[in-house]
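Work through the exercises below with the sequence and the 3D structure open. Each task is followed by a solution in steps.

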Amino acid sequence: VPLGLSGAIPLMLKEMPGIEYSDLGTFSLASWPFSVKLLWAPLVDSVFLASVGRRKTWIIPMQFMIGVTLVYLWWSVDAMLESKNVVLLTVMFGFLYFLCATQDVAVDGWGLTLLRKENVGYAATANAVGQSAGFAMALLGYMSLSSYDLVDLAGFMLFWGVLFFLSVFIVLLKHEAPVAPDEEIEDIKAAYLAMYKIIRLPAVGRLLLVLLTCKMCFSVADNVSVPMLQDQGLPKQHLAALSFVATPISIVLPSIVARYTAGPRPLDLFVNCYIPRLVLAVASAGVVFYAPTDWEAGNLVVFYGALLTVGILGTACGTAMFVSHMAFFARIADPSVGGTYMTLVNSVSNFGSAWPAAVVLKLMTWLKGMTPGDPFYVLVAGSAVAGMGWLMVMRGLVERMQAMPLTEWRVDKVDKE
């Protein structure tokens, strides 16, 4: 939910005079706590109150603090937007991301022990459905209600802040099983040592390389297409309506593809969706190029049809790829350091999305006047070429990773060496 609320900020900023793509790049840094949460994940994995529960020790206070922060933003967010204080907005939403990222460490670790071993791949399905539903309720809920002047951003944040306070009591009622002796970490030092051992695994090193680079070719389409359409006059309410149509895909699809990702080769789906998503990234540039200049005209059916088609197919490919790699993470993660293991690979995966987003948004401002035509189309073309090159080089590595026995991913392999 907080991530969805933060998604409304770039849409609102882009409508303000004087806001550049580089400002959107600055705000994108707010999401970076999800990319660096591995720095404190061992702390979350090893420090807890046994009377409360290993995961609930962190989930409950983070849930409460998210509520507190949302209530504070109810009081202050309008002033930040009116003054166009992008840095302060980045700091505040970055703090929200920090709280969510910390909670995510605990939830990821809990998910590995809540499900039976043969069902652990479905943790990715639950993760994808939950994230998509929460993001949609927050972003699309606000955009839809605000378009009819039923609520403003501050009031919407107050509503969710109160709900977060109430949800704390639900978590309190959920029983958490005691930590199994073979999954207990002795102290913080041992937790950080475990992370060091995970990184030293050759298999993990190859995986991290894939995660850092696999999404860079989609970044221009994912992060610049919508602001480009706003620049050309497309109202953000129309974007919200189109997203509303595409959102059920991201909620329902994880359950459909679960049968393909719960087995021993979950990354097959990731590889199979790569080229279609690359084609859709190029197609999104075509939609931007042919965007109409008169938004009040009555002949917009073809444009909106194309925009909706590209959006739905892009959402389907992106969701399937997300579920695919999450299922692979759940399959290979060592349960003895489950939270730390999942956090490491998830953090690097998030960083693999975050660093290209910040770079391309900054480049959109820096390349103005330096390239023939609009830099957006230059970046899209370059990304398409880079994406094809990535697939040619990395596909074999992905296949080899899936073929590795689970012992290659276990921390005790480092001890034996």
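**Exercise 1.** Is arginine 259 buried or exposed?

Solution. The model is predicted, so local features need pLDDT of at least 70 and side-chain atom pairs count only at pLDDT 80 or more, while totals for chains, interfaces and linings use all residues. Residues are numbered from 1 along each chain as its sequence is written, and side-chain values use heavy atoms, with hydrogens and water left out.

Step 1. Set the scale: buried is under 20% relative accessible area, exposed is over 50%, and partly exposed is in between, with a 1.4 Å probe and protein chains only.
Step 2. The relative accessible area of arginine 259 is 65%, so this residue is exposed.
Step 3. Place the residue: arginine 259 belongs to helix α12 (residues 236-261). Helices are DSSP runs of H or I with at least four residues, strands are runs of E with at least two, and both are numbered from the N terminus.
Step 4. Between the C-alpha atoms of arginine 259 and alanine 133 there are 21 Å, the two being 126 residues apart along the chain.

**Exercise 2.** Classify arginine 277 by accessibility and list what it touches.

Solution.
Step 1. Arginine 277 sits in helix α13.
Step 2. Its relative accessible area is 16%, so arginine 277 is buried.
Step 3. Contact means heavy atoms within 4.5 Å. Not counting residues up to four places away in sequence, arginine 277 touches Phe218, Asp222, Cys317, Gly318 and Met321.
Step 4. For glycine 318, which is 41 residues from arginine 277 along the chain, the C-alpha separation is 7.3 Å.

**Exercise 3.** Place serine 347 and tryptophan 74 in their helices and state the accessibility class of each residue.

Solution.
Step 1. Serine 347 is part of helix α15 (residues 338-366); with a relative accessible area of 0%, serine 347 is buried.
Step 2. Beyond its neighbours within four places in sequence, serine 347 contacts Phe34, Ser35, Lys37 and Leu38.
Step 3. Tryptophan 74 is in helix α5 and, at 41% relative accessible area, is partly exposed.
Step 4. With residues up to four places away in sequence set aside, tryptophan 74 touches Ala154, Gly155, Met157 and Leu158. The C-alpha atoms of tryptophan 74 and phenylalanine 156 are 7.8 Å apart, with the two positions 82 residues apart in chain numbering.

**Exercise 4.** Which residue that is not a glycine has a positive phi of about 55°?

Solution.
Step 1. Recall that most residues other than glycine have a negative phi.
Step 2. The residue is lysine 84.
Step 3. Lysine 84 lies in the loop that joins α5 (56-82) and α6 (86-114), and its 36% relative accessibility makes it partly exposed.

**Exercise 5.** How do α1 and α8 pack, and how do α13 and α16?

Solution.
Step 1. Axes are lines fitted to C-alpha atoms, for helices over the stretch in contact, and angles run from 0 to 180 degrees between N-to-C directions.
Step 2. Helix α1 (residues 2-14) and helix α8 (residues 153-173) have axes that come within 11 Å and cross at roughly 170°.
Step 3. Angles over 145 degrees count as roughly antiparallel, under 35 as roughly parallel, 65 to 115 as roughly perpendicular and the rest as oblique. Therefore α1 and α8 are roughly antiparallel to each other.
Step 4. Pro2, Leu5, Ile9 and Met12 of α1 meet Leu153, Phe156, Met157, Trp160 and Phe164 of α8.
Step 5. For α13 and α16 the angle is about 175° and the axes are 10 Å apart, so these helices are also roughly antiparallel to each other.

**Exercise 6.** Which residues line the largest cavity?

Solution.
Step 1. On a 1 Å grid over the protein atoms alone, a cavity is a set of points where a 1.4 Å probe fits but cannot get out, and lining residues have an atom within 4 Å of a point.
Step 2. The lining of the largest cavity consists of Leu207, Val210, Leu211, Cys214, Leu267, Phe270, His325, Val398 and Met401.
Step 3. Helix α10 gives the most to this lining, with three residues.

Note on methods: 1 Å grid on protein atoms, 1.4 Å probe; cavity = no way out; pocket = protein on both sides within 12 Å on 5 of 7 lines; lining within 4 Å.
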